[in-house]
Amino acid sequence: MHTFRAVSGIWRLRGLQIWGTKFKSYPEISAVKHYSTCPAGMKVTICGAAGKTGQPLALLLKQCPLLDEIALYDVCATCGYGMELSHVDTKCKVSSFSGRHMLCDALKDAKVVVIVARNCYDTFEYSAPIITEIALQICNTCPSAFTIIATEPVESMVPLLGEIQRLRSVYNPRKLLGCVELNCVRANTVLADFLRAPPESVRVPVIGGATPNTMVPVLSAAVHPCIMTQEQIECVTSCIMSGNEAVCAAKGCCAETACLAGAYAVARNTINVVKGLQGSKEVIQCAYVDTLGTCAPDCQFFASEVVLGPSGIEKHLGIPELSKFENCLLCNCLPYVRNEVARAIWLCCCANCYAHPCTCYTPPIVPCVPPVNWTCDCPDTCRDEYLASICRDMTCRWGSTELCWRPRWVDYDAARAANLTHQMPLKNAACSECRVPRSVRIEQEIREKAMNPCSG
């Protein structure tokens, strides 16, 4: 007589598939062996898996035979999505994690982290706190993981995460990229439709950034040979750049996003990264990466074609030969890219700089107006207050994470930093327990009672 212990998952019993239950510790059940093309198993963590982009992204990645495990994470419930995905008959294992206190568990042993988390608006003010929270946990849990950022604005979020990793001494520019594959997908589709050719046979590199103001479709370097007039080139380029506006107009809401096409683009980018990490040769991907200023003048981050390999980003292919029209677009997009990069770099998030308030602090009702120019090197009061207001919001949302802002060392002045109005009052005794989230405290109490049942 054997004792059966049921845990979640799917195993096979004599040719029959049992959903939601698997049995351990008896000889008559033949389990499907866990195998992997990667020595330690290829685990991909999706941050924001319950969103409109995260759900189709998880479904697309579940069908990839190169993956061994997909971890679904979101601040809201993901158990239902995980259970539903586990019914798809592929070898990839699915695990679900809900709540901020489970983020470290979702990131544990992850080889690739895909960030598609977003708020109701794709703006820097709304996205920066989300990326900061995830970035700090990546630094603590899986600093060597390859990180793919698809949260808008990509031009700011990638430098922001890179800056946080740099301050934590775990930054590796080969393991960080921003997903701009959606622009390439649209460019391939529009050009293929114009040429009446199969979309699979067309590849258009898109450089610069991810927004219409920063992207440059390089039709002159497209793989499919074609001869187009200047008027046709401008028409096709305009259609590519206005793709997101067309989606919003079709859905009838300016806040909508291309979640389905975006999920497909992020999935293709993720699979290419996995292929590179597993040793596939000549994996070329358009991505927004840290080029160390080698692609564009005075532009540390820039979107271009890169070669992916076992070490991550192995080679930057740089900017291809441009036509006069494309060169004009590039010159116009560079100030926007520099501005987005500078805005993220100026926001320095570091731990334990000085005493900071706890979660009971109430942020100002009137938000600070964002400055227009971020590339100036001189001290700027408006810039200081704007960055400080974002840090106030971060501190109020996630009091368990010690965040503050002060000028970078090149612009740092002790007297100026001490007199900034964003310096908030010190925490008092009544706020001592506000530092730990309520969900974490409840979980700790449950664990303590389980370890010592007689105490309660």
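Two strands count as paired if DSSP finds at least two bridges between them. Helices (H or I, at least four residues) and strands (E, at least two) are themselves DSSP runs, numbered from the N terminus. With that rule in place, I turn to the chain.

What we have here is a predicted model, in which local features need pLDDT of at least 70 and side-chain atom pairs count only at pLDDT 80 or more, while totals for chains, interfaces and linings use all residues. Residues are numbered from 1 along each chain as its sequence is written, and side-chain values use heavy atoms, with hydrogens and water left out.

First, the overall picture. The chain contains 13 helices and 15 strands. Of its 456 residues, 47% are buried, where buried means under 20% relative accessible area, exposed over 50%, and partly exposed in between, with a 1.4 Å probe and protein chains only. The chain exposes about 22700 Å², and carbon and sulfur atoms supply 56% of that area; the areas come from the Shrake-Rupley method with a 1.4 Å probe, and for residues only the protein chains shown count as cover. Taking a contact as heavy atoms within 4.5 Å, 69% of the contacts between residues at least 6 apart in sequence join residues at least 24 apart.

I now come to strands 13, 14 and 15. Strand 13 and strand 14 run antiparallel and are joined by 8 bridges. One of the partnerships is that of Y288 with A303 in strand 14. Strand 14 is also antiparallel to strand 15 (residues 312-318), through 5 bridges, and L308 has I313 of strand 15 as its bridge partner. Strands 14 and 15 form a hairpin with 2 residues between them. How many of the residues of strand 14 are buried? The count is 9 of its 9 residues.

The aromatic rings come next. Rings of Phe, Tyr and Trp (its six-membered ring) pair if their centres lie within 6.5 Å; planes under 30 degrees apart count as stacked, over 60 as edge-to-face and the rest as tilted. By this rule there is 1 aromatic pair. Y288 and F301 form it, stacked, at 6.2 Å centre to centre and with 25° between the planes. The pair links Y288 in strand 13 (residues 283-290) to F301 in strand 14 (residues 301-309), 13 residues apart. Both Y288 and F301 are buried.

Ahead of strand 13, E282 lies in the loop that follows helix 9 (259-277). Its phi is near 55°, a positive value in a residue other than glycine. E282 counts as exposed because its relative accessible area is 64%.

Two helices deserve a comment on length. The expected span is 1.5 Å times one less than the number of residues. Helix 4 (residues 124-141) has 18 residues and reaches 25 Å between its first and last C-alpha atoms, close to the expected 26 Å; 13 of its 18 residues are buried. Helix 5 (residues 154-167) has 14 residues, so it should span 20 Å, and its end C-alpha atoms are indeed 20 Å apart. In helix 5, 12 of the 14 residues are buried, including M157, L160 and I164.

Finally, the surroundings of helix 5. P153 sits in the loop between strand 9 (146-149) and helix 5, and a cis peptide bond joins E152 to P153, with omega about -10°. On the other side, S169 lies in the loop between helix 5 and strand 10 (176-179), and its phi is near 65°. Is S169 buried or exposed? S169 is exposed, because its relative accessibility is 67%.
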